Amino acid sequence: MQKKKLSQRLFIDRLVKGVVCVLAALTAVPLIAIIGEVLWKGYDQLSWSFFTEPTPTAYKAMMATAAGEPIPGGIANGIVGTVIMLGMAVVIAVPIGILCGVYLAEHSKSRFAKTVSYLTDLLQGTPSVIIGIITYIWVVVPMKGYSAIAGSVALFIMMLPLIVRSTEETMKILPASLKEAGLALGGNNARVILKVQLPAAFGGIFTGVLLAVSRVIGETAPLMFTALGCSMIRFSIDKPISAVPLLIWEFFNDPNLQSLIWGASLFLLLFVLFLNLTAKKIANKWNS
Amino acid sequence: MELINPILEFKKVCVSYTKQTMAVKYVSAQIEQNSITAIMGPSGCGKSTLLRAVNLMHNLYPNIHVDGEILLNGADILTMEPIDVRRKVGMVFQRPTPFPTMSIYDNVLAGFTLNGIRLSKNEREETVESCLRSVSLWDEVKDVLNKKGTFLSGGQQQRLCIARALALKPDILLMDEPTSALDPIATKHIEELLLQLKNDVTILIVTHNMGQAKRISSRSMFMYLGELIEYDDTQKMFSDPSDERTKAYLTGKMG
């Protein structure tokens, strides 16, 4: 009697474990399928010129396809635009985000900080298309034109809450003894934060910034309202500019360019993967 | 006990975490210069709380209130700026707290960095060497000064923290159970070190280790439930305590 009960219990235990394992494996399937598909279709297109030349015109692409040649040109205009806009967004978002995160961690009990913290959460959940249209009203309309500046403002708004949050969380898990030890040596609050706490939190904050970048690098909707796109390689920040995710959308809409989608997707995917792996590596190193 | 020339004096010091509960109740005592004074007592008796009042650590936590007077060389530190007080009153914590991102060298100099004091290269080298020598750590670490402070063993880290506190030449060194996280050999090193250091600095040490208090301190306080029960020469207290509660604690019947 006792024995039968035990075997039943063990069976149920194994059954549950089996189901959970299968479900866990299923969650990995989409990612593997996506990477597989994009690699399969995009691998051919990757060449040096794909990264150094701008998008071809539809006419050139059509002629090349008709002659049975690979489509010339690449996504250099998109890469340059993405780098410029992300760069500007990072330069503004990192200092503001870190300062805000430090404040929220230091004064976590004040009502003001709680409110800001809550609003940060809401901002993080705001649909990117809404951030796009708002940036259009705030920046594109007054500047009388689409521009890299407008695009970077949209990306900045999207990155900010991610950096604030990661800074706040990292600062909060630092041991209180670290701060006390710094203050016990006679340092003022600002110096202790700057010289002791922030350096100790650097790994976590840097990881947060990388994840924020990888999170917004693929954003398309806000850039449609702000950066618009451009078929030339352009370095000026007050003119419309391209971005890799915008190019993917443009390629999709132009039958002659459709085969370029996969190369651009592969580039974006690998870049995000690289950022994520780097972030993970830094986080591990910092935690040990 | 009345001392002729106390460096530190507690006058009716009370510390409360909430309005109802007082962790330290009306403690009055005088601390002799260049001596080691031990604060003993069972867990939760308020000994660490009393110690942390001396360098205004309680100011970090707005709900904690400190009343009374704590006179350092005659001036009430409770009315002074924390950063001024903490420069004169060093502190070593229960667990070693070397700053994890700083090298051993920079850890010794952290007090200057945090106070915004710039030293010339010569001054820095001299300070690092003399401070590490004074905690008998120089010979062990002189070739690895650029390694992180956390690279050292627990006992070495604690000595590094003492060196870091000494670098600012404090009047008083507060120690909150500095050896409770260390093994017996590291503990012995620290105790020997404290006996040397008392020539230069007044040491106030919280310990739950009666043997330690007996070995190193010249005077001892016994605290119980937030009150200072007895304060006397260590020898006298251990051989002939005047209060029953002290006796019960020292003989292991309480605590």
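Q: In this predicted model, where helices are DSSP runs of at least four residues marked H or I and numbered from the N terminus, which helix of chain A holds K17(A)?
A: Helices are counted here as runs of at least four residues, and their numbering begins at the N terminus. The run that covers residues 2–42 of chain A includes K17(A), and that run is helix α1 of chain A.

Q: Is K17(A) buried or exposed?
A: A residue counts as exposed if 12 or fewer other C-beta atoms lie within 10 Å of its own, and as buried if 20 or more do. K17(A) has 10 C-beta neighbours inside 10 Å, and therefore K17(A) counts as exposed.

Q: What distance separates the C-alpha atoms of K17(A) and L268(A)?
A: Along the chain, K17(A) and L268(A) are 251 residues apart. In space, the separation of their C-alpha atoms is 36 Å.

Q: At what angle do helix α4 and helix α7 of chain A pack?
A: Two packed helices are described by the angle between their axes and by the distance between those axes. Helix α4 of chain A covers residues 76–106 and helix α7 of chain A covers residues 148–173, and their axes lie 6 Å apart. The crossing of α4(A) past α7(A) is right-handed, and the contact between these helices is made of 22 nonpolar, six polar and two charged residues. The angle at which they pack is about 35°.

Q: Which helix of chain B gives the largest share of the side that touches chain A?
A: The contact takes 17 residues from chain A and 21 residues from chain B. On the side of chain B, the elements that give two or more residues are α2 (82–88) and α4 (110–115). The residues on this side divide into 10 nonpolar, seven polar and four charged. The largest share, five residues, comes from α4(B).

Q: What is the radius of gyration of chain B?
A: Chain B contains 11 helices and 10 strands. For its 255 residues the globule rule gives 18 Å, and the value for chain B is close to this, so chain B is as compact as a globular protein of that length. The radius of gyration of chain B is 18 Å.

Q: What percentage of the residues of chain B count as buried?
A: The C-alpha atoms of chain B fill a box of roughly 55 × 40 × 35 Å, taken along the principal axes. Among contacts in chain B between residues at least 6 apart in sequence, 68% join residues at least 24 apart. Of the 255 residues in this chain, the portion that counts as buried is 47%.

Q: Which strands are the edge strands of the open sheet of four strands in chain B?
A: The order of the strands in this sheet is β2-β1-β4-β5, and their pairing is antiparallel. An edge strand pairs on one side only, and in this sheet the edge strands are β2 (22–32) and β5 (75–76) of chain B.

Q: Which residue of β4(B) is the bridge partner of C14(B)?
A: Strand β1 (residues 6–16) and strand β4 (residues 65–72) of chain B run antiparallel and are joined by seven bridges. One of the residue pairs between them links K11(B) to E69(B). For C14(B), the bridge partner in β4(B) is D67(B).

Q: Which residue of β2(B) stands opposite F10(B)?
A: A hairpin of five residues joins β1(B) to β2(B), and these two strands pair in the antiparallel sense over seven bridges. Helix α1 (residues 47–54) of chain B lies across β1, β2 and β4 of that chain, and runs at about 120° to β1(B). Opposite F10(B), in β2(B), stands A29(B).

Q: Which residue of β7(B) stands opposite V92(B)?
A: On strand β6 (residues 89–92) of chain B, V89(B) and M91(B) point one way while G90(B) and V92(B) point the other way, and all are buried. The pairing of β6(B) with β7(B) is parallel and extends over four bridges. The residue opposite V92(B) in β7(B) is M175(B).

Q: How does D171(B) count, with its 15 C-beta neighbours inside 10 Å?
A: D171(B) lies in the loop between α7 (154–166) and β7 (172–176) of chain B. Leaving aside residues up to four places away in sequence, D171(B) touches I7(B), L72(B), K88(B), V89(B) and T202(B). A residue is buried at 20 or more neighbours and exposed at 12 or fewer. Because D171(B) has 15 C-beta neighbours inside 10 Å, D171(B) counts as partly exposed.

Conventions
Residues are numbered from 1 along each chain as its sequence is written. Chains are lettered from A and ligands numbered from 1 in the order in which they are written. This is a predicted model: local features need pLDDT of at least 70, side-chain atom pairs count only at pLDDT 80 or more; totals for chains, interfaces and linings use all residues. Two residues are in contact if their C-beta atoms, placed from the backbone, lie within 7 Å. Ala, Val, Leu, Ile, Met, Phe, Trp, Tyr, Cys and Pro count as nonpolar, Asp, Glu, Lys and Arg as charged, and the others, Gly among them, as polar. Axes are lines fitted to C-alpha atoms, for helices over the stretch in contact, and angles run from 0 to 180 degrees between N-to-C directions. A crossing is left-handed if the near helix is turned anticlockwise from the far one by less than a right angle, and right-handed if clockwise. Two strands pair if DSSP finds at least two bridges between them. The radius of gyration is taken over C-alpha atoms; the globule rule is 2.2 Å times the number of residues to the power 0.38.
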